[in-house]
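The following exercises concern the interior, the pocket and the aromatic contacts of one protein. Please work through each task before reading its solution.

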Amino acid sequence: MSAIKKFQVTFDCAEPERLARFWCEVLGYVVPPPPKGFATWDDFKRSLPSDQQDAWFACIDPSGVGPRLYFQRVPEGKAAKNRLHLDVRVGTGLVGEERLAALEAECARLVPLGAVHVRTLYDGNDSCIPMQDIEGNEFCID
């Protein structure tokens with residue numbers, strides 16, 4: 001059996017491009033170039049039937065290391081807690097107050113982008129900050 005080397009993370013959402021651009025800001029990802037033959041993404045969208053316009057959007061890690069994020073429009077809203085979430089790793093290798101300060105700084109950067117700070121978990125050594133993105137999907141600053 002061969003190992004899987006690449007994967008993408010798919011988000012069901014209401015506004016794919018808006019949510020993709022939020023995650024670009026969070027992770028330092030970028031919007032890939034439009035498909036061949038199109039100067040812009042808007043040109044590409046206009047080439048699609050109206051029911052397919054704005055149906056999906058994607059962003060990528062500019063270094064090519066992280067997974068592609070794919071956002072697809074679905075008719076239903078978010079109804080329950082995520083069974084899977086992203087951990088944004090900003091405190092790796094840090095402990096105690098130093099770790100907490102790094103996590104709180106990232107939280108302060110993300111809230112103006114539309115993220116919601118749910119709570120801060122801190123036991124004097126380890127910490128984590130659960131948050132929600134602009135469509136209510138849970139993620140953690142870790």
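The exercises below refer to this model, which is predicted.

**Exercise 1. The nonpolar core**

Task: Determine which residues touch the most other members of the largest nonpolar core, and which element supplies the largest share of this core.

Solution:
- Step 1. The largest nonpolar core holds 27 residues, and those touching the most other members are Leu-19, Trp-23, Leu-69, Phe-71, Met-131, Phe-139 and Ile-141.
- Step 2. Elements that each supply at least two residues of this core include helices H1 (16–27), H2 (41–46) and H3 (96–110), together with strands S1 (8–13) and S3 (68–73).
- Step 3. The largest share comes from H1, with six residues.
- Step 4. Beyond four places away in sequence, the residues that Leu-19 touches are Phe-11, Cys-13, Phe-71, Asp-133, Ile-134, Glu-135 and Asn-137.
- Step 5. As a general point, nonpolar side chains tend to be buried together in soluble globular proteins.

**Exercise 2. The largest pocket**

Task: Describe the largest pocket by its volume, by the residues closest to its centre and by the classes of its lining residues.

Solution:
- Step 1. The volume of the largest pocket is about 500 Å³.
- Step 2. Its lining comprises 24 residues, of which Phe-11, Asp-12, Lys-78, Asn-82 and Asn-137 are the closest to the centre.
- Step 3. Two or more lining residues come from each of the elements S1 and S8, and S1 gives the most, with five residues.
- Step 4. Sorted by class, the lining contains twelve nonpolar, five polar and seven charged residues.

**Exercise 3. Aromatic pairs**

Task: Classify the pair Phe-11 and Phe-71 and the pair Trp-23 and Phe-139 by geometry, and state which parts of the chain each pair ties together.

Solution:
- Step 1. The structure holds ten aromatic pairs.
- Step 2. In the pair Phe-11 and Phe-71, the ring centres are 4.7 Å apart and the planes make an angle of 20°, hence the pair is stacked, because planes under 30 degrees apart count as stacked.
- Step 3. Phe-11 lies in strand S1 and Phe-71 in strand S3, so this pair ties together parts that are 60 residues apart in sequence.
- Step 4. Phe-11 is buried, at 11% relative accessible area, and Phe-71 is buried at 0%.
- Step 5. Trp-23 and Phe-139 form an edge-to-face pair, with 5.0 Å centre to centre and 70° between the planes.
- Step 6. Trp-23 belongs to helix H1 and Phe-139 to strand S8, so the pair ties together parts that are 116 residues apart in sequence.
- Step 7. Both Trp-23 and Phe-139 are buried.
- Step 8. Ring pairs also link Phe-38, Trp-41, Phe-44, Trp-56, Phe-57 and Tyr-70 into a cluster.

How values were computed:
Residues are numbered from 1 along each chain as its sequence is written. This is a predicted model: local features need pLDDT of at least 70, side-chain atom pairs count only at pLDDT 80 or more; totals for chains, interfaces and linings use all residues. Side-chain values use heavy atoms; hydrogens and water are left out. A nonpolar core is a set of buried Ala, Val, Leu, Ile, Met, Phe, Trp, Tyr and Cys residues joined through side-chain atoms within 4.5 Å. Buried means under 20% relative accessible area, exposed over 50%, partly exposed in between (1.4 Å probe, protein chains only). Helices (H or I, at least four residues) and strands (E, at least two) are DSSP runs, numbered from the N terminus. Contact means heavy atoms within 4.5 Å. On a 1 Å grid over the protein atoms alone, a cavity is a set of points where a 1.4 Å probe fits but cannot get out, and a pocket is an open set with protein on both sides within 12 Å along at least five of seven lines; lining residues have an atom within 4 Å of a point. Grid points are joined across faces, edges and corners, and a volume is the space filled by probe spheres set on the points. Ala, Val, Leu, Ile, Met, Phe, Trp, Tyr, Cys and Pro count as nonpolar, Asp, Glu, Lys and Arg as charged, and the others, Gly among them, as polar. Rings of Phe, Tyr and Trp (its six-membered ring) pair if their centres lie within 6.5 Å; planes under 30 degrees apart count as stacked, over 60 as edge-to-face and the rest as tilted.
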